[in-house]
Amino acid sequence: MERMVGKVRIECVRGDITRQEGIDAIVNAANAELRPGGGVAGAIHRAAGPGLYEECRPLAPIKPGQAVITGGHRLPNRYVIHCLGPRYGIDEPSAELLASCYRNALRLAEERGITSIAFPAISTGVFGYPMREAAEVALRTVIEMAPQLESIRLIRFVLWDEEALRIHEETLVRLTEGKGEDSSR
Ligand code: AR6
């Protein structure tokens, strides 16, 4: 499903972040060292090939809430934006650090004139952030930033399972009620 916030389309889909053909930049739920690791990071580095880690190495380490940008290598996307999410209950304030990930990723994307970006649910795997709380922070942050965005016209959330998709859809509907025109499908 999708909603328009001003000129920006916000979509929630179920899928694999490494298979987002037609999207300029995908976002990595990275670790501080920008190493391959597991989950989203492992999948992205596997799909991108070893050149991605070569490019990442001099950019590490990064802090919770920070984001850095690299090329997409063998991915179908021109760029990867690597965000370090907070470990829930450890890196505090978690909600503020998680919001910073989304804000910093969108800022980097705007600097490059990117028009479309796909996010996974940062911090909701190994880092233990409850899905509903994370969805609230993520969607609220991108909805707040949408009116200021000049190049970005599509923000896609790529959710791994049905439950995560349902939570993001419900949250997106609730947070956009009464905002702009509806375009549910
Ligand atoms: N596409 C989309 N979403 C996915 C995919 C995929 N291919 N694979 C998993 N998810 P995680 P984090 C979902 O653990 O919590 C890594 O080892 C997953 O179900 O990848 O930020 C790094 O090296 C979950 O909802 O990221 C770090 O050390 C969400 O993506 C650490 O984990 C995020 O799960 C980062 O932990």
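Here are legends for several close-up views of this predicted model.

**View 1. The whole protein, with five helices and seven strands.**
Let's start with everything in the frame. Following the chain along its sequence, you meet the elements in the pattern β-β-β-α-α-β-β-α-β-α-β-α. The radius of gyration is 15 Å, close to the 16 Å that the globule rule gives for 185 residues, so the protein is as compact as a globular protein of that length. If you drew a box around the C-alpha atoms along the principal axes, its sides would be roughly 45 × 35 × 30 Å. Of the 185 residues, 52% count as buried. Now think about who touches whom: among contacts with a separation of 6 or more, 69% are between residues 24 or more positions apart. On the outside, the protein exposes about 8,500 Å², and carbon and sulfur atoms supply 49% of that area.

**View 2. The ligand and the residues around it.**
Which of the 22 residues around the ligand come nearest? They are Asn31, Val40, Ser123, Thr124 and Gly125. Look next for the polar atoms. Asp16 places a polar side-chain atom 3.0 Å from a nitrogen atom of the ligand, and a polar backbone atom of Ile17 lies 2.9 Å from a ligand nitrogen atom. For Phe127, a polar backbone atom is 3.1 Å from an oxygen atom of the ligand. The ligand taken alone exposes 710 Å², of which the protein buries 88%.

**View 3. Ser123, a loop residue with a positive phi.**
Ser123 from the previous view deserves a second look. Ser123 sits in the loop between β6 (residues 116-119) and α4. Its phi is near 75°, a positive value in a residue other than glycine. Is Ser123 buried or exposed? Ser123 has a relative accessible area of 5%, so it counts as buried.

**View 4. Helix α4 and its cover.**
Helix α4 runs over residues 131-145, which makes 15 residues. From its first C-alpha to its last, α4 reaches 21 Å, close to the 21 Å expected at 1.5 Å a residue. Its buried residues are Ala134, Ala135, Val137, Ala138, Leu139, Thr141, Val142, Ile143 and Met145. As you trace them, keep one general idea in mind: an α-helix has 3.6 residues a turn, so residues three or four places apart point the same way. What covers these buried residues of α4? The cover includes strands β1 (2-5), β2 (8-14) and β7 (154-159), together with helices α3 (94-111) and α5 (162-176).

**View 5. Thr176, a buried residue of helix α5.**
Thr176 belongs to α5. Its relative accessibility is 0%, so Thr176 counts as buried. Leaving out residues up to four places away in sequence, Thr176 touches Arg3, Val5 and Ile143. You have met Ile143 already, among the buried residues of α4.

**View 6. Loops with cis peptide bonds, and His73.**
Where is Pro61 found? Pro61 is in the loop between α2 (50-56) and β4 (67-71), and a cis peptide bond with omega about 0° joins Ala60 to Pro61. Another cis peptide bond joins Glu92 and Pro93, with omega about -5°. Pro93 lies in the loop between β5 (79-83) and α3. Finally, find His73 in the loop between β4 and β5. His73 has a positive phi of about 50° although it is not a glycine. With 38% relative accessibility, His73 counts as partly exposed.

Note on methods. Residues numbered from 1 in each chain as written. Predicted model: local features only at pLDDT ≥ 70, side-chain atom pairs only at ≥ 80, totals over all residues. Heavy atoms only, no water. Helix = DSSP H or I, 4+ residues; strand = E, 2+ residues; numbered from the N terminus. Expected span 1.5 Å × (residues − 1). Buried < 20%, exposed > 50% of the residue type's maximum accessible area, 1.4 Å probe, protein only. Contact = heavy atoms within 4.5 Å. Near = heavy atom within 4 Å. Polar contact = N/O pair within 3.5 Å; in protein donor to acceptor, adjacent residues only side chain to side chain. Areas by Shrake-Rupley, 256 points an atom, 1.4 Å probe, with all protein chains shown as cover. Rg over C-alpha atoms; globule rule 2.2 N^0.38 Å.
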